[in-house]
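The exercises below are to be worked with the sequence and the model side by side. Each task is followed by a solution in steps.

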Amino acid sequence: MINQSWVDIREDLEATVGKNNYVNWIEPLELSGLDNGVAVFRVPTNFMGNWVSRNFGDDIVQLLKSSGQAVSRLEFSVNAARSPKRATAPKAEQVSEVPASSAPRKKAAVARSTGTVPGAPLDARFTFDSFVVGKPNELAHAAARRVAEGGEVAFNPLFLYGGVGLGKTHLMHAIANQLRTQRPDLNVVYLSAEQFMYKFVQALRDKKMMDFKQIFRAVDILMVDDVQFIAGKGSTQEEFFHTFNALVDQNKQIIISADRAPGEIKELEDRIRSRLQSGLVVDLHPTDYELRLGILQHKTEQHMLKDPSLHIADGVLEFLAHRISTNVRVLEGALTRLFAFGSLVGREVTLELAQDCLADVLRTSDRKITVDEIQRKVAEHYNIRLSEMIGPRRVRTIARPRQIAMYLAKQLTSRSLPDIGRRFGGRDHTTVMHGVKRIEELRISDSQIEDDLELLRRALEA
Ligand code: ADP
Ligand code: MG
């Protein structure tokens with residue numbers, strides 16, 4: 001009965017999610033049963049389960065419901081026997097033992113004879129082992145792992161995007177590093193979009209376009225980092241598009257990164273944009289506190305293997321994870337300086353030492369808190385409406401939170417008193433001044449207010 005429903009709604013799903021998504025994600029699902037409102041599906045990999053649940057979960061639940069099934073939730077269990085990981089692993093081993101005269105080797109030799117292999121060097125430190133996984137990057141990590149298995153091309157291209165310093169380059173190098181050791185038969189090329197353009201321009205100038213084309217067409221796995229760089233660069237874009245198409249047509253894996261989603265890259269030709277979107281697009285979200293702490297702990301452990309005398313006091317890493325922005329590169333820079341400092345002074349790095357030694361980093365990475373955020377957080381905390389916070393009522397239960405919000409706005413933002421007044425329903429700056437004074441007095445006499453302020457400040461700075 002439930003299975004018949006699934007067969008029926010799959011057709012509706014195809015209409016909702018589109019042919020491509022249907023073939024990639026929905027078709028491989030096997031409904032194994034319905035238990036207590038939970039529909040259980042068998043999937044080939046965890047990654048797939050996560051992906052389907054995130055992207056199509058609601059649609060599936062809705063459709064099952066409307067077909068008369070009492071479903072409230074989906075669950076995905078990995079069907080080990082059909083896992084592609086197992087299916088391809090032995091093959092990968094075999095391939096890597098193939099003697100040097102085999103076909104793929106010849107292809108690499110061709111590439112070499114027509115010019116230098118076009119990739120950029122890889123950073124050996126950027127591996128999957130050194131990549132710390134958390135909620136904000138788990139999908140990107142899973143997709144990268146999948147591609148690094150070097151099995152059948154599952155999604156083409158894999159498009160990774162996210163802000164600066166969130167690990168795009170690290171993941172790409174990790175894929176390339178793993179493939180180069182486990183699949184030395186494959187011609188894996190990693191380069192930045194800027195280097196691609198440079199090589200292209202050079203080939204044009206030296207009249208070696210044929211070589212250029214041949215080299216890139218002989219690649220098995222192509223990775224182009226920071227592709228937003230070629231936006232607006234007409235002929236480079238054009239050539240990139242041809243290279244891209246030639247490789248996709250040969251079923252070669254392509255991995256692209258950018259600092260934003262394909263749809264948001266301006267001055268990119270529409271046909272290129274739509275090709276970039278045609279595979280799997282995953283984003284790296286800004287780091288959260290847990291991930292930052294995880295990265296700091298991992299890197300500290302690694303460093304202590306080399307320098308066992310290093311001693312970092314409890315609470316220092318937590319403090320850094322709390323205070324430093326979402327960019328992992330800044331976090332690493334701070335840690336490197338802390339390590340150097342620790343070995344120079346030759347004693348435990350306390351919180352005070354850390355604050356001193358990183359004063360400039362801490363100042364610039366202070367997140368900008370807005371008056372709006374403060375008003376919302378404070379209203380939430382005291383359970384009043386945002387409109388009341390800004391409105392005219394002067395009863396204590398509303399006026400006090402309003403004064404607290406004014407006080408925090410003065411403390412945590414660089415706004416002037418008149419400016420703050422305007423944001424509180426057009427109040428006069430003397431009203432704000434009075435509010436701020438009042439809270440300053442109350443902080444001393446009323447420990448509840450002091451606690452509330454501390455709590456709010458932490459929540460706002462998180
Ligand atoms: P992006 O290319 O997105 O700008 P990178 O990949 O260059 O960022 O990452 C910046 C630095 O932060 C690198 O040194 C990288 O190793 C490190 N890094 C980023 N994310 C992680 C992570 N999840 N675990 C460990 N190190 C990370
Ligand atoms: Mg990068």
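Does Asn251 count as buried or exposed, and at what relative accessibility? Asn251 counts as exposed, because its relative accessibility is 52%. The cut-offs are under 20% relative accessible area for buried, over 50% for exposed and partly exposed in between, with a 1.4 Å probe and protein chains only.

This is a predicted model, in which local features need pLDDT of at least 70 and side-chain atom pairs count only at pLDDT 80 or more, while totals for chains, interfaces and linings use all residues. Residues are numbered from 1 along each chain as its sequence is written, chains are lettered from A and ligands numbered from 1 in the order in which they are written, and side-chain values use heavy atoms, with hydrogens and water left out.

**Exercise 1. Backbone exceptions**

Task: place Asn251, Asn383 and Pro157 and describe the backbone at each.

Solution.
- Step 1. Start from the general case: most residues other than glycine have a negative phi, and most peptide bonds are trans.
- Step 2. Asn251 is not a glycine, yet its phi is positive, about 60 degrees. It sits in the loop between helix H10 (234–249) and E7. Helices (H or I, at least four residues) and strands (E, at least two) are DSSP runs, numbered from the N terminus.
- Step 3. Asn383, also not a glycine, has a positive phi of about 60 degrees. Its loop runs between helix H17 (371–381) and helix H18 (386–390). With a relative accessible area of 71%, Asn383 is exposed.
- Step 4. Asn156 and Pro157 are joined by a cis peptide bond, with omega about -5 degrees. Pro157 belongs to the loop between helix H6 (138–148) and E4.

**Exercise 2. The sheet of 5 strands**

Task: give the strand order of the open sheet of 5 strands and trace its pairings.

Solution.
- Step 1. The order is E5-E6-E7-E4-E8, and the pairing is parallel. Two strands pair if DSSP finds at least two bridges between them.
- Step 2. Strand E5 (188–192) and strand E8 (280–284) are the edges, each pairing on one side only. From one strand to the next the twist averages 15 degrees; axes are lines fitted to C-alpha atoms, for helices over the stretch in contact, and angles run from 0 to 180 degrees between N-to-C directions.
- Step 3. E5 is joined to strand E6 (residues 221–225) by 5 bridges, and Leu191 has Val224 as its bridge partner in E6.
- Step 4. E4 is joined to strand E7 (residues 253–258) by 4 parallel bridges, with Tyr161 opposite Ala258. E4 also pairs with E8 in the parallel sense over 5 bridges, and Leu158 is matched with Leu280.
- Step 5. Strand E4 (residues 158–162) has 4 of its 5 residues buried, so the rest of the structure largely encloses it.

**Exercise 3. The sheet of 3 strands**

Task: find how E2 is paired in the open sheet with order E1-E2-E3.

Solution.
- Step 1. Pairing in this sheet is mixed. E1 and E3 are its edge strands, and the twist averages 25 degrees from one strand to the next.
- Step 2. Strand E1 (residues 30–35) and E2 are antiparallel over 5 bridges. Gly33 is partnered with Val40 and Leu31 with Phe41.
- Step 3. The hairpin of E1 and E2 has 2 residues between the strands, and Asn36 takes a positive phi near 55 degrees there.
- Step 4. On to strand E3 (residues 73–78): 6 parallel bridges join E2 to it, and Val43 stands opposite Val78.
- Step 5. Why is E2 largely enclosed? Of the 6 residues of strand E2 (residues 38–43), 5 are buried, so the rest of the structure largely encloses the strand.

**Exercise 4. Ligand 1**

Task: describe the surroundings of ligand 1 and its polar contacts.

Solution.
- Step 1. Ligand 1 is surrounded by 18 residues, the closest being Val132, Gly165, Thr169, His170 and Glu332. A residue counts as near if one of its heavy atoms lies within 4 Å.
- Step 2. H7, helix H12 (289–306) and helix H14 (328–345) each supply at least two residues of this shell.
- Step 3. List the polar contacts, which are pairs of N or O atoms within 3.5 Å. An oxygen atom of ligand 1 lies 2.8 Å from a side-chain N or O atom of Lys168. For Arg329, the distance from a ligand oxygen atom to a side-chain N or O atom is 2.8 Å. A polar backbone atom of Gly167 is 3.1 Å from an oxygen atom of the ligand.
- Step 4. The protein covers 94% of the 560 Å² of accessible area that ligand 1 has on its own, by the Shrake-Rupley method with a 1.4 Å probe.

Conventions: A polar contact is a pair of N or O atoms within 3.5 Å; within protein, one must be able to donate a hydrogen and the other to accept it, and residues adjacent in sequence count only if both atoms are side-chain atoms.
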